[in-house]
Protein chains: 2
Amino acid sequence: MSIVVVGTVAFDTVETPFGKGENVLGGSATYFSTSASFFADVSLVAVVGEDFPEEHVAFLQNRAIDTSGLQRIPGKTFHWSGRYGYDLNEAQTLDTQLNVLMDFKPELPESYRDAEYLFLANIDPDLQMEVLQQVRKPKLVACDTMNFWISSKPEALKKVLQNVDIVIINEGEARQFTGEANLVKAARQIIALGCKRLVVKRGEYGVLMFTAETVFAAPAFPMEEVFDPTGAGDTFAGGFMGYLANTGDLSEEGLRQAIIFGSVMASFNVEDFSLNRMKRLEFKEIQSRFSSFKALTSFRDVSV
Amino acid sequence: MSIVVVGTVAFDTVETPFGKGENVLGGSATYFSTSASFFADVSLVAVVGEDFPEEHVAFLQNRAIDTSGLQRIPGKTFHWSGRYGYDLNEAQTLDTQLNVLMDFKPELPESYRDAEYLFLANIDPDLQMEVLQQVRKPKLVACDTMNFWISSKPEALKKVLQNVDIVIINEGEARQFTGEANLVKAARQIIALGCKRLVVKRGEYGVLMFTAETVFAAPAFPMEEVFDPTGAGDTFAGGFMGYLANTGDLSEEGLRQAIIFGSVMASFNVEDFSLNRMKRLEFKEIQSRFSSFKALTSFRDVSV
């Protein structure tokens, strides 16, 4: 099954306590599609400028990612600069140069419009709605967003959340969007809008997945070395959606496994800067870490 | 099997966004022993003043807690005042009146000295060492501490950590004690001191249990209503040690089940002020929530 992702392809300049990456490959669609490509066919929609090197496009294509939806227009590629302190859960944005992203008008190639799986990465919710109108009959649509859209376009965002199956956002964003400090209550409010599931990302504390009736809690993998958390959320979403597209199993059980695969992919991604770890990742490592998650979380039932 | 706990019995004045409890029953030994008493025999060592009402002693005795180690000396009972904001993970201490705690000299009654399970709740590490020297041949000793002792008596504390089997502390305390931001590295350093296991409490994010070779991650139960987090850590430790003493099973599997029972007890405790929830808790509710933890965390293995 094939997945379409709409989001950003970017240059990132990232500082962490462990080093610095300057003008490295980044962007939500890049992280998502690379991660998902380990499990399924992925097609990407994004925009870059004239300065975007062929080598990065070749990397995506070598991972069998369909880049026919990657627009190249006059101007410079979107550039994000950020810094992480020892608390690697939260980035401090130093600079955002939207550049060509200001003129981004997502246009799905005809071959993308029958996609069964669609991921709307964090972009303007009005653009997310435009994309939704271009796909014919997706089996599953998920979306992300960020604090900026929650405060600047809450109504447009609400409309998106009402029209997707799964919302995948950070803990702080769930609280901000609902104005509710208690996460379980915040989750119920978001689900009540119409989406069926909410996946709450909590950085090093893992993930909670809510439906109206169920909750699933997955820890993050305890890491001795976290070099760069950039892209962890999109890498998580890529593994999650990739596994779902691979199996087509949208039962609670299948979704829980997908959450673990997403967590596995995110745990690898933070081991190096940019997509460097993804570039040398092998599928048997993914399988092995899935088993480690099982060992990390399992306990025996009792009757006392 | 019987457990001895040495800690505080206190009056608490607690404010949360959901209400206020004034001069209510509190203290680490109170929370611990009440929680543990659902699983095993518990004997308590602590000190109170002349103002401590018989009704509270009767409550403990009604839960079959041995209070022959509860000293009553001239003066007023230890009194802690704190406030929680909407972020219920962290208390702000408003006032601490040590009162009789300043003269506390833990003295184990003869009948306590053959205890197989010993919990050194958060008190002066020098006193914790004195208690350790009074028990003959415990099967398992665990301890807690707090930021105040980490900064004021790091050497005395280190000696305690070297002489117990399990250290149970908060995430921030593990980082503070080691000066290491990465929690996995901090855990390795603490275990290297000589204790066999480290249990790291992370509030609403659950618990990690480390040995030199293994890690176990347990989520906290996602709660729609958290009224008062006071005592959650000691209630956790009480359920944990209580279950271990009940089964005598100190294998990795047994310890993981104990972590879940600890988490179950803590999840009930935060549902009401002081020990009010514990007072009306029934064992079948504990069993039922253990099953809910299983449902919350389980996922199927895969071969992809």
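These entries record what I looked up in a predicted model of two chains, A and B.

**Entry 1. Relation of the two chains**

I began with the symmetry. Two copies of a chain are related by a rotation about an axis and a shift along it. For this model, I noted that a turn of 180° and a shift of 0.0 Å along the axis lay chain B on chain A, with an RMSD of 0.0 Å. That is the relation of a two-fold axis. I then asked which residue of chain B comes closest to the rotation axis. It is B:Tyr205, whose C-alpha lies at 3.1 Å. I also checked whether the copies share a contact surface, and the same surface serves both: 100% of the contact residues of chain B recur in chain A.

**Entry 2. The contact between the chains**

How many residues does each chain bring to the contact? I recorded 30 residues from chain B and 30 residues from chain A. On the side of chain B that touches chain A, helix H7 (183-192), strand S13 (215-218), H9 and H11 each supply at least two residues. The largest share of that side comes from H11(B), with five residues. I sorted the residues of this side of chain B by class and entered 18 nonpolar, four polar and eight charged.

**Entry 3. H9 against H11 in chain B**

H9 and H11 of chain B, both of which supply residues to the side touching chain A, also pack on each other. Two packed helices are described by the angle between their axes and the distance between the axes. For H9(B) (residues 252-269) and H11(B) (residues 283-297), I noted an angle of about 115° and axes 9 Å apart. That makes H9(B) roughly perpendicular to H11(B), and their crossing is right-handed. From H9(B), the contact takes B:Ile260, B:Phe261, B:Ser263, B:Val264 and B:Ser267. H11(B) contributes B:Ile286, B:Arg289, B:Phe290 and B:Phe293. By class, I listed six nonpolar, two polar and one charged residue in this contact.

**Entry 4. H3 against H5 in chain B**

I next examined a second helix pair. Helix H3 (residues 125-132) of chain B packs on helix H5 (residues 154-162) of chain B at an angle of about 30°, with the axes 8 Å apart. The angle makes H3(B) roughly parallel to H5(B). I entered the crossing of H3(B) and H5(B) as left-handed. The residues of H3(B) in the contact are B:Pro125, B:Asp126, B:Gln128 and B:Met129. Those of H5(B) are B:Ala156, B:Leu157, B:Lys159 and B:Val160. The contact of H3(B) with H5(B) has five nonpolar, one polar and two charged residues.

**Entry 5. An open sheet in chain A**

Lastly, I turned to the strands of chain A. In which order do the four strands of the open sheet stand? The order is S3-S2-S6-S7, and the pairing is mixed. S3 and strand S7 (91-97) of chain A are at the edges with a single partner strand each, so one side of each is left without a neighbour in the sheet. On average, neighbouring strands are turned by 15° against each other, direction ignored.

I followed one strand pair further. Strand S2 (residues 10-16) and strand S3 (residues 19-26) of chain A pair in the antiparallel sense over six bridges. A hairpin of two residues joins S2(A) to S3(A). Among the bridge partners, I noted A:Leu25 of S3(A) for A:Phe11 and A:Gly19 of S3(A) for A:Thr16.

Technical notes: Residues numbered from 1 in each chain as written. Chains lettered and ligands numbered in written order. Predicted model: local features only at pLDDT ≥ 70, side-chain atom pairs only at ≥ 80, totals over all residues. Axes fitted to C-alpha atoms, helices over the stretch in contact; angles between N-to-C directions. Parallel < 35°, antiparallel > 145°, perpendicular 65-115°, else oblique. Left-handed = near helix turned anticlockwise from the far one by under 90°. Contact = placed C-beta atoms within 7 Å. Nonpolar A, V, L, I, M, F, W, Y, C, P; charged D, E, K, R; others polar. Pairing = 2+ DSSP bridges. Least-squares fit on C-alpha atoms with pLDDT ≥ 70 in both.
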